[in-house]
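Let's take a walk through this protein together, from its overall layout down to single residues. Keep the picture in view as you read.

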Amino acid sequence: MPTAADSQPDPPSPSPAPDADFAATLIRTRQHVGPKRLHPPGPDSARIDAYFQAAAAAPDHGQILPWRFVVIPDARRGALGEAFAAALRERDPQAAQSDLDEARGKALRAPFLALAIVREGGDGHPEIPPHERLVSLGCAIQNILLQSHADGFAAGLVSGKALESRAIRALFALTPNERAVCFLAIGTALQRKPARQRPAPERFVSRL
Ligand SMILES: Cc1cc2nc3c(=O)[nH]c(=O)nc-3n(C[C@H](O)[C@H](O)[C@H](O)COP(=O)(O)O)c2cc1C
């Protein structure tokens, strides 16, 4: 005799992607490599395009695209270096020449360099608060980090006081509603540090 249960459709079950293990490995083996340790070759224009396509796949509440990236090509590294030096002078008008030169030198590191910028408001979308916009940018950055890691490149993020300077804000034409969050650097690592110990989930997961 058929029962009511027999006539029920099978419950849906997740169907893992065939490369789910690869995705897990990719995520777990990504690590920060600072710009000083990022050497040529860097990604070519086709791969850079792929990285920004990956960024475009980030979650974006309201689809307001609350972030942008500005690539700093080789020809503009000098201008970035001058902005770093000017940023240092804003903080310390008596900065030594050697410190100014060191600040300039930071602009020359890593074959690929871009600035990640978040728009915190002022665009007619008060329903999307700054923290949600920043999460979206973080996801976009992570997508780029993972996609470039899959290609065998190394990458790192760099922030610092210069990002709040008038010099950097002017160079990147930031509007009053925009904030420079970090530089994203990509290149080839000659050697990597041992993977860092990741926090155990029980340190950051609880149950209600
Ligand atoms: C927004 C942001 C800014 C960062 N800025 C710097 C930085 O200025 N200098 C630095 O050494 N690392 C910076 N990092 C990278 C972290 O130091 C790095 O992610 C952390 O040490 C964990 O290492 P892992 O990425 O290899 O897991 C930044 C990371 C984020 C998310």
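Six helices and five strands make up the secondary structure of the protein. Keep in mind that this is a predicted model. If you start at the N terminus and follow the chain, you meet the elements in the order α-β-α-β-α-α-β-α-β-α-β.

How is the chain spread out in space? Along its principal axes, the C-alpha trace spans about 90 × 45 × 40 Å. The radius of gyration is 22 Å, while a compact globule of 208 residues would come in near 17 Å. As for burial, 25% of the 208 residues count as buried. Now look at contacts between residues with a separation of 6 or more: 83% of them link residues 24 or more positions apart.

**The strands**

Strand β5, residues 178–189, is a good place to start, and here are its pairings with β1, β3 and β4.

| Partner of β5 | Residues | Sense | Bridges | Example bridge |
|---|---|---|---|---|
| β1 | 38–39 | antiparallel | two | His39 with Thr188 |
| β3 | 112–119 | antiparallel | eight | Leu115 with Phe183 |
| β4 | 154–158 | antiparallel | five | Gly156 with Ala185 |

**The core**

There's a general trend worth knowing here: in soluble globular proteins, nonpolar side chains tend to be buried together. In this model, the largest nonpolar core has 38 residues, and the ones touching the most other members are Phe84, Ala116, Ala155, Leu184, Ala185 and Ile186. Elements giving two or more residues to this core are α2 (45–56), α3 (77–91), β3, α5 (130–150), β4, α6 (166–171) and β5. Which element gives the largest share? That would be β3, with seven residues.

Let's zoom in on Ala155. Setting aside neighbours within four places in sequence, Ala155 is in contact with Val33, Leu145, Ser148, His149, Leu184, Ala185 and Ile186. Of these contacts, Ala185 also turned up in the table, as the bridge partner of Gly156.

**Around the ligand**

Which residues sit around the ligand? They are Gln31, His32, Gly34, Leu157, Val158, Ser159, Gly160, Val181, Cys182 and Arg196. Two elements, β4 and β5, each give two or more residues to this shell. You've met that pair already: five bridges join β4 and β5 in an antiparallel arrangement. Sorted by class, the shell holds four nonpolar residues, five polar ones and one charged one.

How values were computed. Residues numbered from 1 in each chain as written. Predicted model: local features only at pLDDT ≥ 70, side-chain atom pairs only at ≥ 80, totals over all residues. Pairing = 2+ DSSP bridges. Helix = DSSP H or I, 4+ residues; strand = E, 2+ residues; numbered from the N terminus. Near = placed C-beta within 6 Å. Nonpolar A, V, L, I, M, F, W, Y, C, P; charged D, E, K, R; others polar. Rg over C-alpha atoms; globule rule 2.2 N^0.38 Å. Buried ≥ 20, exposed ≤ 12 C-beta atoms within 10 Å, placed from the backbone. Contact = placed C-beta atoms within 7 Å. Core = buried A, V, L, I, M, F, W, Y, C linked by C-beta atoms within 7 Å.
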